[in-house]
Every structure is written in C-alpha cells, then in structure tokens.
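Q: Can you walk me through this structure? I'd like plain answers.

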Amino acid sequence: MPAAPALSPSSCPHCQQPLGALAQRLKQTHCGSATCRQRADQEVLQGRWQQVVALATEHAVQQRLGPTSTPPAVVWLDPAPRQLTPVTDALREQLAQAWRQAWAEDRRRGYRGADTAQALPAAATALCAQCGGTCCVQGALHHAFVDAETLERWLLEHPGQTSEDAIAAYLAALPEQHLDGGCAFQTATGCHLPREQRADICNRYVCPALDELGDTLRATPDRAALVFTRQRRRFERAAVLHQGRATPLNHLPQPDELQPPGPPPQAR
Ligand code: SF4
Ligand code: SF4
C-alpha cells in the first residue's frame with residue numbers, strides 16, 4: 001500500500017499556536033513569531049550540520065580510514081586568531097610592568113592538575129595544533145600567565161640571578177610577531193615559549209573538547225575524529241585527526257550550501 005502523504009501540522013510545533021490556512025498550505029514549520037522562526041531555523045541548521053558530518057565521515061572513510069573503521073568521533077572547536085602583528089615596544093613594556101607587579105605582590109596562580117603531555121594520550125594533544133590555541137587568547141588578558149610562581153621557577157634554575165634577570169629572559173623569549181588578539185607568545189606555529197618556561201596553566205589546561213577526545217582515545221586508541229573549527233553557520237577548517245595526524249578535509253560544502261532536510265525549500 002503506498003504511504004499516506006505527511007499531514008501538514010495544524011499548529012506551530014514550537015509554541016502550539018494554531019497555524020493559519022495559508023501557513024498550513026505552505027507547510028510552514030513555525031507560526032511566524034520571531035522566536036519560533038528562530039527555533040525552526042536552528043532545527044534546519046542542525047540538520048544541515050548533520051549532513052556535513054555525514055559527508056565528512058564518507059570522505060574520511062574513503063580517503064584515510066577504510067570501510068572497517070569505527071565511525072569517527074566529532075569535535076567542534078572555536079576559531080583561534082590567525083593574523084600576525086608585531087610585538088611592539090609598548091606591549092613589551094606592558095608585560096614587563098605586569099610581571100614586575102606580580103613579583104612584587106607575590107601573585108601565584110597555583111593552577112592544579114597534571115601536565116597534558118603526561119595526562120593525555122599523545123594522539124589527543126595533536127588537537128591543539130589543529131586548533132591553533134583558542135585558549136591562548138586568555139594569555140593576552142593575563143600577561144602570558146607569567147606570575148611570581150613562573151619567575152621563581154626560572155630563578156631556581158638560574159642561581160645568583162635576580163627577578164629583573166628573569167623578566168629580561170622572558171622579554172628576550174618574545175617572538176617578533178604574534179597573533180593579533182592572542183597571547184604575546186602565540187605565533188602561527190604555536191607557543192614561542194619553550195614548554196619548561198611556560199606557566200603551569202599553559203601546560204595543564206584542558207578545554208572540554210580536548211578532555212572529551214582524551215577520554216575517547218583512552219577507551220579506543222585507534223579511533224579517528226572529525227575536527228571542525230566552527231563559527232556560527234560556517235566552518236573555517238575541517239580535518240580528520242587519526243593517530244596524532246591531521247589531514248584536511250577539503251571540498252566539503254558549508255551547511256548553508258546544502259538543501260534543508262525534509263520538504264523542498266519552496267514548501268517552507
Ligand atoms: S586546549 Fe582546547 S582550546 Fe586550547 S589549544 Fe588545545 S584544543 Fe584549543
Ligand atoms: S604562554 Fe604560550 S601556551 Fe601560554 S597562553 Fe601564551 S601562547 Fe598560550
């Protein structure tokens with residue numbers, strides 16, 4: 001027996017207000033109020049993102065993973081800054097003053113936790129290279145997190161030196177250019193500061209996306225992940241991350257380039 005045609009809803013699926021005859025004939029998915037229109041738009045967008053993920057999975061399986069692989073996990077990242085700008089004398093002076101003050105006031109962040117290099121599977125930490133350091137934007141607001149604790153550690157490794165020497169050493173380690181809007185040490189290829197000179201928070205912080213990927217790879221070390229760097233309705237970059245290596249996923253459509261799932265657009 002042929003399937004019966006889907007009935008048009010007689011009320012708005014979001015607020016349950018009755019839909020007018022025209023809205024029903026046009027199979028509208030909302031009553032027209034701003035809130036319900038927005039919710040309907042979100043649902044369509046969500047469906048389109050699912051289509052993008054399905055296409056990315058298909059590409060990843062064909063190009064890299066093979067048909068017998070476990071379906072990849074999906075990781076969403078926020079975009080990091082990308083434009084380089086000079087580390088100016090004014091920025092150097094600002095940092096020097098902030099570090100001097102942190103030393104004088106004995107400010108210590110005391111960030112707990114373990115170094116991510118030991119605490120997470122190595123394949124998971126490759127996510128940070130793909131991300132580019134969204135979390136390091138906080139380093140711009142907190143003077144690269146260098147505080148009394150960080151300076152003291154440098155002094156312990158350089159007996160006979162002063163706090164001014166420690167500050168001078170950190171200033172000398174600054175790159176000529178950093179990412180605009182990011183930490184003064186943040187460059188296009190990652191942090192310019194050697195790992196052992198970074199503040200504990202820099203070596204220990206784990207964002208929710210990295211935390212989840214760490215759990216996934218602890219349970220299934222060979223599992224791949226599709227990584228999308230997303231801003232609102234578009235992704236900036238997409239890659240498949242497998243065994244610590246990121247392979248770009250090119251030629252994927254943006255969500256708004258896809259047809260919405262369900263009835264054709266003219267019926268909405
Ligand atoms: S911890 Fe998270 S936000 Fe920070 S660089 Fe790694 S993936 Fe990006
Ligand atoms: S010092 Fe390095 S790791 Fe720490 S916030 Fe700055 S760029 Fe990021």
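**Helix 3 and the two ligands**

Q: What span should helix 3 have, and what do its end C-alpha atoms say?
A: Helix 3 covers residues 89-104, which is 16 residues, so at 1.5 Å a residue it should span 22 Å, and its end C-alpha atoms are 22 Å apart, which agrees. The expected span is 1.5 Å times one less than the number of residues, and a helix is a DSSP run of H or I, at least four residues, numbered from the N terminus.

Q: Is this model predicted, and what are the ground rules?
A: The model is predicted: local features need pLDDT of at least 70, side-chain atom pairs count only at pLDDT 80 or more, and totals for chains, interfaces and linings use all residues. Residues are numbered from 1 along each chain as its sequence is written, chains are lettered from A and ligands numbered from 1 in the order written, and side-chain values use heavy atoms, with hydrogens and water left out.Q: Which residues of helix 3 are buried?
A: Leu-91, Leu-95, Ala-96, Ala-98, Trp-99 and Ala-102 are buried (under 20% relative accessible area; exposed is over 50%, partly exposed in between, with a 1.4 Å probe and protein chains only). Seen down the helix axis, they fall within an arc of 165° (directions from the axis to the C-beta atoms), so they line one face.

Q: And the other side?
A: Asp-89, Ala-90 and Ala-104 are exposed there.

Q: What surrounds the ligands?
A: Around ligand 1 (a heavy atom within 4 Å) are Cys-128, Cys-131, Gly-133, Thr-134, Cys-135, Cys-207 and Leu-210. Around ligand 2 are residues including Cys-136, Phe-145 and Cys-202.

Note on methods. Residues are numbered from 1 along each chain as its sequence is written. Chains are lettered from A and ligands numbered from 1 in the order in which they are written. Side-chain values use heavy atoms; hydrogens and water are left out. Helices (H or I, at least four residues) and strands (E, at least two) are DSSP runs, numbered from the N terminus.
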